[in-house]
Amino acid sequence: MGSVLALSSRPGRQNSPFPQDRPLSRWDKRDGRLPNPGSFDGLHRSCKDVFPQQVEGVKMVINKTLSSFFKVSHTFHISAVAPSMYRFHAEYLQSDTDCKETGSPMLIGEMDSSGSLNAHSLFHLSERIRAKAVFQTVQSQFVTWQFETEYRGSDFTAAVTMANPDIFRESVITVAHFLQSVSPQLVLGGELVYHRGRAEEGGILTLAGQYSGPNWVATLNAGKGGAHASYYHRANKQIQVGVEFEASTRTQETKFSFGYQMDLPEANMVFRVPVYHRGRSGEAPVSSSGYANHGGLRQPQRRQAASRPRRERRLDV
């Protein structure tokens, strides 16, 4: 019946392409009330941001900003494992403040050389209610059409997603999320996935919890489908560490990931190194990669060249 695509509402590299305001710390109460816990899909975001994006082969990205709201990018990916591909990406984005005031949508579209299309849209219906829509095609066939509505209260978040509704096949996938800030450090919630088709019908309930310390965050999701645990720790201003464990009852696979990020502000560089281990096959493949962001500007010239774009260098092994 297709897959459900998640657009997280928290900032991060791997999730939602839409810009978001930095969330308040859970220790910062507003008028004596607990802050909003964010979205369910962003519970493990702090840990996942430590890991770099894995690339097989050679990948080149060319970004072009046409205006303050509109930008495009061209991606060329050459690999011996997967077919080589070209991808065109276009974004029309506004800040959350402008979008809430004017009601203007945020639109993102992406098409590759095979003709597959991936489109996202985000609308602020009010200050607390947001609506999202996702459409995905593989060549000329629709594989995903998804609609989501999210409500953010003062100390809770509730969202409902409907994916691939088909009245002819009598099939639908519905996902409900709820998160509640119990204390400044503790967040509890759950996810209910219901799917219905002609031959099958069922639901999966997953419970979630997150506890935050002064410089660390521990998160656990557990349910019938498996478990997902992560731990994020910020040792100092330069070093961040993330540990992640995933287990699936359907595929009988377990995955353990460890990664760290090192920031070198004086050299204007960032390194991210992950280590992965999968437990089903009995092997222990280890992969590592690094990411370097180098400014290329001398110290006396930084003030005059502050508006120049940085040159990015990515190294993947």
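Select M162 and T174 in this predicted model: T174, in strand β9, is the bridge partner of M162. Now extend the selection to both strands. Strand β9 covers residues 171–181 and pairs with β8 in the antiparallel sense, over nine bridges. The two strands belong to a hairpin with four residues between them, and there E170 takes a positive phi near 55 degrees.

Next, add strand β7, residues 141–152. Seven bridges join β7 to β8, residues 156–166, and these two strands also run antiparallel. To find the register, select E148 and T161, since the former stands opposite the latter in β8. The connection between β7 and β8 is again a hairpin, here with three residues between the strands.

Remain on β7 and select F147, which lies in this strand. Is F147 buried, partly exposed or exposed? Its relative accessible area is 40%, so F147 is partly exposed. Then draw a distance from F147 back to T174, the starting point of the tour. The C-alpha atoms of F147 and T174 are 9.8 Å apart in space, while the two residues are 27 apart in sequence.

Aromatic side chains can be shown at this stage. Select Y151, F156 and F178, which ring pairs link into a cluster. The structure as a whole holds nine aromatic pairs.

Move now to the loop between β6 (129–138) and β7, where Q139 is placed. What is notable about the backbone of Q139? Q139 has a positive phi of about 60 degrees, although it is not a glycine. Its relative accessibility of 55% is over the 50% cut-off, and Q139 therefore counts as exposed.

For comparison, select N268, in the loop between β15 (253–264) and β16 (269–278). N268 is likewise a residue other than glycine with a positive phi, near 55 degrees. Its relative accessible area is 19%, so N268 is buried; the cut-off for that term is under 20%.

From β15, turn to its neighbour. Strands β14 and β15 pair in the antiparallel sense over ten bridges. Select V241 to locate its bridge partner in β15, which is Y260. A hairpin with four residues between the strands is formed by β14 and β15, and in its turn Q252 has a positive phi of about 60 degrees.

On β14, residues 239–248, the selection can be extended to β13, residues 226–234; nine bridges join these antiparallel strands. Y231 stands opposite V243 in β14. The hairpin of β13 and β14 has four residues between them.

Then look at the interior. In soluble globular proteins, nonpolar side chains tend to be buried together. Select C47, V50, F51, V217, Y232 and Y276: these six residues make up the largest nonpolar core. A second core, separate from this one, has five residues, among them F40, L43, L179 and V187.

Finally, display the surface and colour L66, F69, F70, Y92, L107, F123 and L125. Together these residues make a nonpolar surface patch of about 620 Å². Which loop contains L66? L66 lies in the loop between β1 (58–65) and β2 (70–78). With a relative accessibility of 51%, L66 counts as exposed.

Technical notes:
Residues numbered from 1 in each chain as written. Predicted model: local features only at pLDDT ≥ 70, side-chain atom pairs only at ≥ 80, totals over all residues. Heavy atoms only, no water. Patch = residues over 30% accessible without salt bridge, like charges linked within 9 Å, V, L, I, M, F, W, Y side chains within 5 Å. Areas by Shrake-Rupley, 256 points an atom, 1.4 Å probe, with all protein chains shown as cover. Salt bridge = Lys/Arg side-chain N within 4 Å of Asp/Glu carboxyl O. Buried < 20%, exposed > 50% of the residue type's maximum accessible area, 1.4 Å probe, protein only. Phe/Tyr/Trp six-rings, centres within 6.5 Å; stacked < 30°, edge-to-face > 60°. Pairing = 2+ DSSP bridges. Core = buried A, V, L, I, M, F, W, Y, C linked by side-chain atoms within 4.5 Å.
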